Amino acid sequence: MDIRPTLFDHPDAVKLNDQVQLEYAARYGDEGDATPLDASMFTPPRGLYLLAYDGLGRPVATGGWRSQDENDEGYANGDAELKRMYVVPEARGLGLARRILAALEEDARAAGRLRMVLETGTAQPEAIALYTSSGYEPCVKFGHYRAYENSRCFAKPLA
């Protein structure tokens, strides 16, 4: 697998983002994740977006982080927020999400971020299992879905 930095608005990133949105919609019975995102949020050194390609050059996994600081959505100074972690169904079970997560944590740490935070939901038990097994612990809710009952927020110190 080839994991490389990519622009959030690159056609391959858009393709996988569309796929993850369909999965969110199916799991939650809605329109997908409505969190406002744009490509500039993932531009180093304030963020990073990664795509993994298989041996045939097909995009199969994605993930990114963006800088957050204290605001009215519950973030704290020095936060790096994990976004759009996704592995296509045929590439699941290969450890790609764990590899992308580790690379994102390393990059956010190098950028001076203090903790990685993420928001997921109860309809994504695989994601919750990945994060808890990677050292993430439940934290006070933040972000776009902080008032939703099925929202779950996690954090991990980067220092």
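**Notebook: helix 3, the cores and the salt bridges**

I started with helix 3 (residues 125–133) in this predicted model and found Ala 127, Leu 130 and Tyr 131 buried. I checked where they point: they span an arc of only 90° around the axis, which means they sit on the same side of helix 3. That fits what I know of helices: an α-helix has 3.6 residues a turn, so residues three or four places apart point the same way.

Next I asked what the buried residues of helix 3 pack against. I got strand 4 (79–87), helix 2 (96–110) and strand 5 (115–121). I also looked just past the helix, where Gly 135 follows with a positive phi, near 95°.

Then the cores. Which residues touch the most other members of the largest nonpolar core? Out of its 36 residues, I noted Leu 82, Leu 104, Met 116 and Tyr 131. Two or more residues each come from helix 1 (11–28), strand 2 (47–53), strand 3 (59–68), strand 4, helix 2, strand 5 and helix 3. Strand 2 gives the largest share, six residues.

I followed Leu 104 a bit further. Leaving out residues up to four places away in sequence, I listed its contacts as Leu 48, Leu 50, Gly 63, Gly 64, Trp 65, Leu 82, Met 85 and Met 116. There is also a second, separate core of five residues, and I found Val 117, Phe 142, Cys 153 and Ala 155 among them.

On to charges. My search of the whole structure turned up 13 salt bridges. I looked at three pairs.

Glu 23 pairs with Arg 27, with 2.9 Å between the closest N and O atoms. The two are four residues apart in helix 1, so about one helical turn separates them. Buried or exposed, I wondered, for Glu 23? I have it as buried, because its relative accessibility is 19%, under the 20% cut-off. Arg 27, at 29%, counts as partly exposed.

Arg 84 and Asp 33 form a salt bridge at 2.7 Å, N to O. Arg 84 is in strand 4 and Asp 33 in the loop between helix 1 and strand 2, so this pair ties together parts 51 residues apart in sequence. I checked burial too: both Arg 84 and Asp 33 are buried. They also belong to a salt-bridge network that links Asp 33, Arg 66, Glu 81, Lys 83 and Arg 84.

Last, I looked up Asp 54 and Arg 58, whose side chains meet in a salt bridge (2.7 Å, N to O). Asp 54 is buried at 13% relative accessible area, while Arg 58 is partly exposed at 47%.

How values were computed
Residues numbered from 1 in each chain as written. Predicted model: local features only at pLDDT ≥ 70, side-chain atom pairs only at ≥ 80, totals over all residues. Heavy atoms only, no water. Buried < 20%, exposed > 50% of the residue type's maximum accessible area, 1.4 Å probe, protein only. Arc of directions from axis to C-beta. Contact = heavy atoms within 4.5 Å. Core = buried A, V, L, I, M, F, W, Y, C linked by side-chain atoms within 4.5 Å. Salt bridge = Lys/Arg side-chain N within 4 Å of Asp/Glu carboxyl O.
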